[in-house]
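Q: Could you take a close look at one part of this model for me, namely how its copies are related? I'd enjoy a connected walk-through.

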Protein chains: 2
Amino acid sequence: MSLLVTGSIGIDTIETPAGRREGVVGGSAIYFAYAASFFTPVRVVGVVGEDCPADLLDVFAGREVDLGGIERRKGSKTFRWSGSYLKDLNEALTVQVDLNVLAERAAKVPERFLDAGYIFLANTHPALQQATLAAFKTRRLAVADTMNLWINNEPAELGKLLKKIDGLVLNDAEARLLTQKKNLVAAARDVLKMGPKFVVVKKGEHGCLMVSADDVFVLPAFPAEAVIDPTGAGDSFAGGMMGYLATQGTFSPATLKRALAFGTIVASYTISDFSLAGLQRTTRDQIDQRWLEFKGAMNF
Amino acid sequence: MSLLVTGSIGIDTIETPAGRREGVVGGSAIYFAYAASFFTPVRVVGVVGEDCPADLLDVFAGREVDLGGIERRKGSKTFRWSGSYLKDLNEALTVQVDLNVLAERAAKVPERFLDAGYIFLANTHPALQQATLAAFKTRRLAVADTMNLWINNEPAELGKLLKKIDGLVLNDAEARLLTQKKNLVAAARDVLKMGPKFVVVKKGEHGCLMVSADDVFVLPAFPAEAVIDPTGAGDSFAGGMMGYLATQGTFSPATLKRALAFGTIVASYTISDFSLAGLQRTTRDQIDQRWLEFKGAMNF
């Protein structure tokens with residue numbers, strides 16, 4: 001069944017110790033879709049403004065990414081984010097953010113997308129995430145991301161969302177904020193009580209943790225020697241994970257583990273260059289080869 | 001061949017969110033020796049003061065730990081450390097430290113210990129580490145630990161030590177300090193250029209990283225749900241690693257990986273209670289079983 005992502009599409013300006021890029025393509029849906037498209041066709045739902053450069057999404061040319069769910073909204077402006085990693089390569093410092101079109105109503109899901117089986121709700125207001133999710137009647141797996149803003153300001157709506165999704169992906173700081181637990185395994189177990197069947201905690205350079213009723217699984221990050229730009233690593237991770245899952249048709253613990261490892265490997269290519277450049281240079285063969293290398297390295 | 005550790009023996013006072021313990025046994029050599037003794041007999045070299053309670057080392061009763069290298073020095077006082085984890089369970093805040101006997105000359109290695117094949121030089125002044133190491137003529141593997149104090153204040157002596165040892169174990173902050181590299185793989189590669197054949201970077205709750213000329217290996221920590229007292233986790237990790245290595249007689253990448261995994265598992269028991277209480281409750285069978293569980297979990 002097909003995979004659909006709804007999330008942000010943005011124009012980024014990024015500064016890292018390796019250099020600076022202005023006006024490059026970014027946003028959670030973009031990284032997710034590119035990453036997932038190594039595994040399966042992807043449908044993208046999102047909104048850009050009237051100012052969006054015509055060639056911003058040319059990165060998807062030739063890939064099985066259906067951009068038919070991207071609305072170009074008249075009178076609105078595209079989401080823009082400017083971030084710096086000069087202080088800490090592991091944590092973006094937001095220099096400027098202009099939500100623009102993201103602060104308006106959600107994108108409408110096209111009729112022909114409504115049979116999607118695998119849904120990824122990238123981070124946005126949990127009420128919008130619920131509204132989008134409600135449109136899909138036949139979905140097999142719905143996974144959402146969230147962030148500190150909603151955990152702090154919209155706990156009731158987030159609580160309702162958590163009861164409706166199968167999986168939650170969030171980072172370590174968000175997991176701790178949501179549960180007030182410092183220990184990440186304990187935090188993830190608390191999240192399970194809020195509704196999802198599995199929780200994936202992204203720990204950046206330290207890898208990830210997955211907890212379900214029956215399983216606790218930890219995985220280090222792929223040991224990258226040169227991190228050029230960490231932007232989109234988490235969304236690429238989720239894209240690789242969901243892209244692989246959509247090809248499997250099962251969510252057994254073993255399948256989830258493999259999916260997490262694919263997410264880890266795809267993200268290792270994302271951070272090897274600015275914006276989407278790392279992923280654009282990557283082939284599925286390379287991903288499979290590094291995945292096997294990673295699997296072998298983990299086998300002691 | 002037999003395993004020998006030289007390091008600190010101390011009286012600790014520890015405060016964590018789980019409670020407080022006063023006057024408990026601690027020190028790098030103590031945690032190392034207990035951890036290693038699950039695998040192989042251990043010889044301990046160190047010094048305590050005249051004030052050392054007669055029963056401080058009763059924890060080793062019935063274990064294959066030879067305390068014949070522990071000098072009780074007249075007129076000197078035992079090393080004491082008081083630490084708090086109330087602020088951050090991952091990083092000890094030193095409330096008070098009295099080096100006492102540790103600020104004096106090193107312990108003398110008994111004649112009958114000089115045929116030890118596996119040497120672990122726990123953290124102390126790198127000149128003393130070199131002096132101790134020089135006594136062993138037939139050693140097969142020498143591994144040292146170090147700390148920020150020596151990296152900052154004794155770079156020349158530390159540089160000489162690094163040329164004489166086979167392996168270095170240090171934590172992430174120390175690796176970064178020593179090499180001025182933020183990326184840990186790059187930092188470890190720089191350490192290799194300073195002499196050791198392998199470098200193990202301990203990342204606390206995030207696991208460990210091992211780099212040699214031919215290999216990069218990352219391992220997460222065992223996902224512990226209840227961390228009671230992290231004191232000694234790093235030394236227990238080193239003890240489990242060296243204890244296992246001493247039984248193998250080879251340092252192949254595969255053997256090193258297994259050793260790191262044993263170190264990880266032993267440390268997971270250390271942090272489950274105060275001081276040595278977690279290890280004292282643990283059996284080799286439990287370690288082997290958790291090791292297999294860990295190995296299985298890593299197999300995706």
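A: Chain A falls onto chain B after a rotation of 180° with 0.0 Å of shift along the axis, at an RMSD of 0.0 Å; the fit is by least squares on the C-alpha atoms of residues with pLDDT of at least 70 in both copies. That is the relation of a two-fold axis. The copies meet through the same surface, because 100% of the interface residues of chain A are also interface residues in chain B. Do keep in mind that this is a predicted model, where local features need pLDDT of at least 70, side-chain atom pairs count only at pLDDT 80 or more, and totals for chains, interfaces and linings use all residues. Residues are numbered from 1 along each chain as its sequence is written, chains are lettered from A and ligands numbered from 1 in the order in which they are written, and side-chain values use heavy atoms, with hydrogens and water left out.

Now to chain A by itself. Its C-alpha trace spans about 55 × 40 × 35 Å along the principal axes. Of its 300 residues, 57% count as buried, meaning under 20% relative accessible area, with exposed over 50% and partly exposed in between (1.4 Å probe, protein chains only). Contacts, defined as heavy atoms within 4.5 Å, often link distant positions: among those in chain A with a separation of 6 or more, 64% join residues 24 or more positions apart.

As for the outside, chain A exposes about 11,900 Å², and carbon and sulfur atoms supply 51% of that area, by the Shrake-Rupley method with a 1.4 Å probe, where for residues only the protein chains shown count as cover.
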